[in-house]
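Grab a coffee and open the viewer. Below are a few short exercises, each followed by a worked solution.

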Amino acid sequence: MGLLVDGKWHDEWYDTKATEGRFERSKSQFRNWITADGKAGPSGDGGFKAERGRYHLYVSYACPWAHRTLVMRAWKGLEEHIDVSVSHPLMLENGWELRMDFPGATGDLLYGFDKMYQVYLKADPHYSGRVTVPILWDKDRETIVNNESAEIIRMLNSAFDGVGARPGDYCPQDLLEGIDAVNDTVYEHVNNGVYKAGFATTQTAYDEAATALFRALEDLENRLGESRYLLGNTLTEADLRLWATLLRFDAVYVTHFKCDRKRIADFPNLNGLLRDIYQMPGVADTVHMDHIRHHYFCSHPTINPHGIVSIGPVLDFSALHHRERLGQQKIRGT
Ligand SMILES: N[C@@H](CCC(=O)N[C@@H](CS)C(=O)NCC(=O)O)C(=O)O
């Protein structure tokens, strides 16, 4: 694990000294938007028009942030529009590597780079910052459009509607306020919460994160007792963002990140949501548990020095979810 400083790679673990043992995620730096007409979006510059075949995603199947973009790509039927390079699951002294010696790892389909940081350097030879996935790449301008998954899923949701994306609006305007509110809590205490617990280097930092995580999960469990999804019976990006963490929870976070008060299997509604979304067309194909488990257990020597992958629980995401008793799934715009 490391970062680029003025275009040079430095192998460094997260520094938690300045924050009393708390893990703080840095902000993504490329914030342009693909739009239907190529005009600038809410941030960044214009010039990124939605076009078939123009864009590419760099992902890791292990990464929950990248996973969101793969599921949104599947929901919107964008597989033919946006192709994908899949990283090797290990992330060690060179950061993410575009090696092919793991089933499903594709290498770099565009340039043949073997390190993910070379993609950042291609976009900006003086880049300083972390080398994260997902990366949304523009093959035309040969640069990074955006490396913030929350924004990438928003653009995939709507920008390609005029050029053949599958109908479906997972972020409808009238639900936006509610979606943003749930996203904030889920991001803070669940998506990033598991990392804050796992990467904490003081007891206090861990206690804070783990307590807030399980409090949030209890609230979400109750909320999902009222309706099929987080925003009523309409499936939205908020459900997807929660789902990517739920999927990894029992297989990894319970042990590796010490999130062990309860398992997702102990929460009937969260477990139901996990299965419900897993069983939607195209979603199971985005799930690669071997990448997920190999990545976490082997990429964090400070918390698992011998890189031993645990035996793991037996999980069946294809089992009945019983969520239809709360209402029929609605997808806006279909
Ligand atoms: N806010 C970013 C976070 C992405 C992120 O942190 N990805 C992790 C993988 S799970 C990563 O690439 N970490 C490398 C690092 O921090 O150096 C997003 O949602 O896109």
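**Exercise 1. The ligand shell**

How many residues surround the ligand, and which are the closest?

*Solution.* Keep in mind that you're looking at a predicted model. Start with the count: 14 residues surround the ligand. Next, pick out the closest, which are C63, W65, R130, T132 and S149. Finally, sort the shell by chemistry: 7 of its residues are nonpolar, 5 are polar and 2 are charged. As for confidence, the chain's average pLDDT is 97, and 100% of the residues score at least 70. The predictor also gives the complex an ipTM of 0.98 and a pTM of 0.97.

**Exercise 2. The two sides of α6**

Work out which residues of helix α6 are buried and which are exposed, and why the buried ones line one face.

*Solution.* First get the helix in view: α6 runs over residues 203-223, so to speak 21 residues. From its first C-alpha to its last, α6 reaches 30 Å, close to the 30 Å expected at 1.5 Å a residue.

Now mark the buried residues, using 20 or more other C-beta atoms within 10 Å as the cut-off. That gives Y206, A209, A210, L213, L217 and L220. Looking down the axis of α6, these buried residues fall within an arc of 95 degrees, so they line one face of the helix. The general rule helps here: an α-helix has 3.6 residues a turn, so residues three or four places apart point the same way.

Then turn to the other side of α6, where Q203, T204, D207, D219 and N222 are exposed. Last step: look for what covers the buried residues of α6, and you'll find α4 (176-191), α5 (193-199), α7 (237-256) and α8 (268-278) among the elements there.

**Exercise 3. An enclosed helix**

Explain why helix α3 counts as largely enclosed by the rest of the structure.

*Solution.* Count first: 8 of the 10 residues of α3 (residues 149-158) are buried, so the helix is largely enclosed by the rest of the structure. Now name them: S149, E151, I152, I153, R154, M155, L156 and N157. Then check the packing partners, which are α1 (64-75), β8 (135-138), β9 (143-146) and α7. S149 ties back to Exercise 1, as one of the closest residues to the ligand.

For a follow-up, try α9 (residues 289-299), where H291, I292, H295, Y296 and F297 are buried. The cover over those residues includes β5 (91-92) and α7.

**Exercise 4. Backbone oddities**

Find where E20, K258 and P134 sit, and what the backbone does at each.

*Solution.* Here's the background: most residues other than glycine have a negative phi, and most peptide bonds are trans.

- E20 is in the loop between β2 and β3, and its phi is positive, about 50 degrees, although E20 is not a glycine. With 11 other C-beta atoms within 10 Å, E20 is exposed.
- K258 is in the loop between α7 and α8, with a positive phi of about 60 degrees. K258 has 16 other C-beta atoms within 10 Å and is partly exposed.
- P134 is in the loop between β7 (129-130) and β8, and the peptide bond from V133 to P134 is cis, with omega near 5 degrees.

Note on methods
Residues are numbered from 1 along each chain as its sequence is written. This is a predicted model: local features need pLDDT of at least 70, side-chain atom pairs count only at pLDDT 80 or more; totals for chains, interfaces and linings use all residues. Helices (H or I, at least four residues) and strands (E, at least two) are DSSP runs, numbered from the N terminus. The expected span of a helix is 1.5 Å times one less than its number of residues. A residue is buried if 20 or more other C-beta atoms lie within 10 Å of its own, exposed if 12 or fewer, and partly exposed in between; C-beta atoms are placed from the backbone. The arc is that of the directions from the helix axis to the C-beta atoms. Two residues are in contact if their C-beta atoms, placed from the backbone, lie within 7 Å. A residue is near a molecule or strand if its C-beta atom, placed from the backbone, lies within 6 Å of it. Ala, Val, Leu, Ile, Met, Phe, Trp, Tyr, Cys and Pro count as nonpolar, Asp, Glu, Lys and Arg as charged, and the others, Gly among them, as polar. pLDDT is the predictor's confidence in each residue, from 0 to 100.
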